[in-house]
Amino acid sequence: MSERPALQLRDRAVKALKDDQMRQAVRNAVDRLSGNKEKAARELPHWEQWREQTRLIRQHTIDNLDYYLKMLTDNVRKAGGQVHFALTAEAARGIITGLCQQYEAKLVVKSKSMVTEEIHLNPALEKAGMEVVESDLAEYILQLAGETPSHIIVPAIHKNRYQIADLFSQVAGEKVESDTPALTRFARQTLREKFMEADIGITGCNFAVAETGSVTLVTNEGNARLSTALPRVVISVMGMERLVPAFEDLETVLSMLPRSATGQKLTSYISVINGPRQAADIDGCEKFHLVIVDNGRSRILADEEYRQSLNCIRCGACFNVCPVYRQIGGHAYGSVYGGPIGSVITPLLENDFAFWGELPYASTLCAACTSTCPAKIPLQELLLKLRAHRVSAGYTNTFEKIAFGLWKRFFKLPGTYKFAMKAASLGQKPLVKNGYITARIPLLANWTNSRYLPAAADETFRDRWKKRKKQVSP
């Protein structure tokens, strides 16, 4: 169970809307990323066929997940690695912490990994007395700031270079210039020393390949390669759905992942780990462990509709086109996973519709997320189902229940519907100005505080229809 934010979703969103710097940084970044993605989609022939192939690969994998997980496990062990299954986040933290203690680790370097964010690994390792250093540049920035990622691909999307320079200057003990070469030079020099001294490297897993037992990592900085090549022990952590059957399937998903995420044809580095170093290898780790995390995924798998959310390839394309995300950024979601996909999977992973069930309401249901998803996940349909799930479970406030009860009472019969329309048309008159209700009415304040509410027509459609029929009748 994740730690709940102190504020409710609405209050977190209101707080985010007051942060002009964050909103401008997010808007600039998502405009650039979504523009790059559209250009990449135009340049790759038969884009829709690539999307369909990606969907088929992911659906086939998820539908046969038990079979491919066993194949993966057998092949990792054949290559000399060890496999651990963790049913919960707590179990995963215990396994990884135990391994680090077993190898007497003092310094751990990590490459970017959302699943380790999900299980809150860093605090557990630090509590056990280890120094943990994030080696992805954006994650390193957030670690210094004491913040969580606000985007699945671009974790520090909300930071500008002046804020980053301030963070680096605190570490350096002197002023670090805010130009990009100076910032990257400082990060490279600082992190390179950590790579050389680290006892253990911890990575995520973009995709494991079941037929070979391989773990694939994609980065633009090469930090995952250094995290796996220099420390003598490597621990890879993967959500249990993060695999493909074969290398030919990997070719498809790795063609779609960077194009959908940033518009790149390929990421700068693609690293494939096949267990620990073998006799003929010139580098690599001495010990390799793969930790496979369930943490609620089996529960999602059991539902035929929700299981489609496990098809996600974690590209973040849905973030970049979401009108809600571009206004409030990632932290307002309160979850490790923000954006449309986070609004779907967080209540399911947490199995908590009372608190996290608010997230599906952080959507306009415009379906832009579904249109851009490379795995063709019907995100807006899943968001609607989650809303219905929350209502049927009784997690709605009293006013909402009364309002929809009255709506049902008045609108299911023609007579009461006509009466309600007439009453609304007459009752609104003191509140209407230039065709809109602009007054701040307590029960409608969430709408009228930020926008105008269109007034009901003076004459209903039924009345106009009657008049028109009389006019055209002989």
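Buried means under 20% relative accessible area, exposed means over 50%, and partly exposed lies in between. The exercises below apply this and a few other cut-offs to a predicted model.

**Exercise 1. Classify Arg297 and Glu118 as buried, partly exposed or exposed, and locate the salt bridge between them.**

Step 1. Arg297 has a relative accessibility of 2%, and because the limit for buried is under 20%, Arg297 counts as buried.
Step 2. Glu118 has a relative accessible area of 6%, so Glu118 is buried as well.
Step 3. The closest N and O atoms of Arg297 and Glu118 are 2.8 Å apart, and since a salt bridge requires a side-chain nitrogen of Lys or Arg within 4 Å of a carboxyl oxygen of Asp or Glu, the pair qualifies as a salt bridge.
Step 4. Arg297 belongs to helix α13 (residues 297-301) and Glu118 to helix α6 (residues 114-118), so the contact ties together parts that are 179 residues apart in sequence.
Step 5. The pair is also part of a network of salt bridges that links Glu118, Glu241, Arg297 and Arg314, and the count for the model comes to 20 salt bridges.

**Exercise 2. Describe the salt bridges Arg51 to Glu48 and Lys385 to Asp303 by distance, placement and accessibility.**

Step 1. In the salt bridge of Arg51 with Glu48, the closest N and O atoms are 3.1 Å apart, and both residues lie in helix α3 (residues 47-63), three residues apart, which is about one turn of the helix.
Step 2. Arg51, at 7% relative accessibility, counts as buried, whereas Glu48, with a relative accessible area of 44%, is partly exposed.
Step 3. The side chains of Lys385 and Asp303 meet in a salt bridge with an N to O distance of 3.0 Å.
Step 4. Lys385 lies in helix α18 (residues 379-392) and Asp303 in the loop between α13 and α14 (317-321), so this pair ties together parts that are 82 residues apart in sequence.
Step 5. Lys385 is partly exposed, with a relative accessible area of 22%, and Asp303, at 23% relative accessibility, also counts as partly exposed.

**Exercise 3. Which strands are the edge strands of the open sheet with the order β11-β12-β13?**

Step 1. The open sheet has three strands with antiparallel pairing.
Step 2. Each of β11 (432-433) and β13 (453-454) pairs on one side only, and these two are the edge strands.
Step 3. Strand β12 (residues 436-437) pairs with β11 in the antiparallel sense over two bridges, and the bridge partner of Lys433 in β12 is Tyr436.

**Exercise 4. Assign the aromatic pair formed by Phe410 and Phe419 to a geometric class, and give the accessibility of each residue.**

Step 1. The ring centres of Phe410 and Phe419 are 6.4 Å apart, and rings pair if their centres lie within 6.5 Å.
Step 2. The angle between the planes is 15°, and because planes under 30 degrees apart count as stacked, this pair is stacked.
Step 3. Phe410, at 26% relative accessibility, counts as partly exposed, whereas Phe419, at 53%, counts as exposed.
Step 4. The count for the model comes to 10 aromatic pairs, and Tyr140, Phe168 and Phe186 form one aromatic cluster.

**Exercise 5. Which residues form the nonpolar surface patch that includes Leu266, and where does Leu266 lie?**

Step 1. The patch is made of Phe247, Leu266, Ile270 and Val272, which together have about 310 Å² of accessible area.
Step 2. Leu266 is placed in the loop between α12 (247-261) and β9 (269-273), and at 53% relative accessibility Leu266 counts as exposed.

Terms used:
Residues are numbered from 1 along each chain as its sequence is written. This is a predicted model: local features need pLDDT of at least 70, side-chain atom pairs count only at pLDDT 80 or more; totals for chains, interfaces and linings use all residues. Side-chain values use heavy atoms; hydrogens and water are left out. Helices (H or I, at least four residues) and strands (E, at least two) are DSSP runs, numbered from the N terminus. Buried means under 20% relative accessible area, exposed over 50%, partly exposed in between (1.4 Å probe, protein chains only). Two strands pair if DSSP finds at least two bridges between them. Patches are made of residues with over 30% relative accessible area and no salt bridge: like charges are joined within 9 Å, nonpolar side chains (Val, Leu, Ile, Met, Phe, Trp, Tyr) within 5 Å. Accessible areas come from the Shrake-Rupley method with a 1.4 Å probe; for residues, only the protein chains shown count as cover. Rings of Phe, Tyr and Trp (its six-membered ring) pair if their centres lie within 6.5 Å; planes under 30 degrees apart count as stacked, over 60 as edge-to-face and the rest as tilted.
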